[in-house]
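Me: Please go through this model with me. I will ask short questions about the chain.

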Amino acid sequence: MSIPKTQKAVVFETNGGPLEYKEIPVPEPKANEILIHVRYSGVCHTDLHAWKGDWPLPTKLPLVGGHEGAGEVVAVGKNVNGWKIGDLAGIKWLNGSCLSCEFCQKSNESNCPDADLSGYTHDGSFQEYATADAVQAARIPAGTDLAQAAPILCAGITVYKALKTAQLEPGQWVCISGAGGGLGSLAIQYAKAMGYRVAAIDGGDEKGEFCKSLGAEAFIDFTKSKDMVKDVVAATNGGPHGVINVSVSEKAIAQSCEYVRSCGTVVLVGLPAGAQVKTPVFDAVVKSVSIRGSYVGNRADSAEAIDFFARGLIKCPIKVVGMSELPKIYELMEAGKIIGRYVIDTSK
């Protein structure tokens, strides 16, 4: 394939600085990397944090954000096996890891202390061509709608792993806090596909209708409820067996520790800057509650999450816009006005 020398990308030089849509060089893949012609990229709340620089982990600067890139392989490094030109590939949050530490050896690559992160420590998918470690790059089945597949590469994998972390059984209740957003909308569908009953939490009639259209049995509107804990417990016949917190509300996380059923599991996924989990120790002990963090997924989780999508069990509610409109997406994201997931077309 013909690979140009330059490409369009969205770059920022400083955290919180201007998001520049401009021409930059096309990167060359290292010996262990593949070069992907990114056709579409989902936009994640993490990308907003990376731009702002409000997480404890510093970003590289300047930076091309993005970590939900879907496209075709156009070049492979000299040490790469198992990939060929024309294969469909995905850029995930975990761009690469050392593969030799105790975490990598036990399939917890995302916890590798030397992990390389797309759109954070490694230029990501808000560009037309991007590199990814050949071991960690996601394999996308031929014929897949790449725009639809893009959000699976982070949002889908992340919520699928979180649901596994909750260790639920078919027929049990799971509550999705922040259900109307990009992660939440996928979490509802994965939960249904895995045999769970879903209670969705978000705000507004529009999001309520949206969540129910995806399969949620119950919807609790935090803008209308006068007692969230009581309402969630009532809607789930005693409280959910598991809670997936994808919202970025510290108050919502604290409430989830109250309404979760005894012996249930609260899973932390969303990362509100500076937030803490606050719950009475007495209640947590007496109810035998587990509070667990879930941080993206390993290669097996990724393949499984993509397989659910490829078999038609997961639909991504997306809106496709040009890459040049990324600043507007961040504005909507900060205002909490996004339903589903925005996906950018890198050619526009």
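Me: How far apart are the end C-alpha atoms over residues 16–344?
Reply: This is a predicted model, in which local features need pLDDT of at least 70, side-chain atom pairs count only at pLDDT 80 or more, and totals for chains, interfaces and linings use all residues. Residues are numbered from 1 along each chain as its sequence is written, and side-chain values use heavy atoms, with hydrogens and water left out. Over residues 16–344 the chain is 28% helix and 24% strand (DSSP runs of H or I, at least four residues, and of E, at least two, numbered from the N terminus). The end C-alpha atoms of this stretch are 20 Å apart.

Me: Which residues touch the most other members of the largest nonpolar core?
Reply: A nonpolar core is a set of buried (under 20% relative accessible area, 1.4 Å probe, protein chains only) Ala, Val, Leu, Ile, Met, Phe, Trp, Tyr and Cys residues joined through side-chain atoms within 4.5 Å. The largest has 46 residues, and those touching the most other members are Val174, Ile176, Ile188, Tyr190 and Ile244.

Me: How do strand S15 and strand S16 run, and what is the hand of the crossover?
Reply: Four bridges join S15 (residues 265–268) to S16 (residues 290–293), which run parallel; strands pair if DSSP finds at least two bridges between them. The chain crosses from S15 through helix H9 (residues 281–286) to S16. With the strands pointing away from the viewer, a path running clockwise from the first strand over the helix to the second is right-handed, and this β-α-β crossover is right-handed.

Me: Is aspartate 87 buried or exposed?
Reply: Aspartate 87 lies in the loop between strand S5 (69–76) and strand S6 (88–91). Its relative accessible area is 15%, so aspartate 87 is buried.

Definitions and conventions: Buried < 20%, exposed > 50% of the residue type's maximum accessible area, 1.4 Å probe, protein only.
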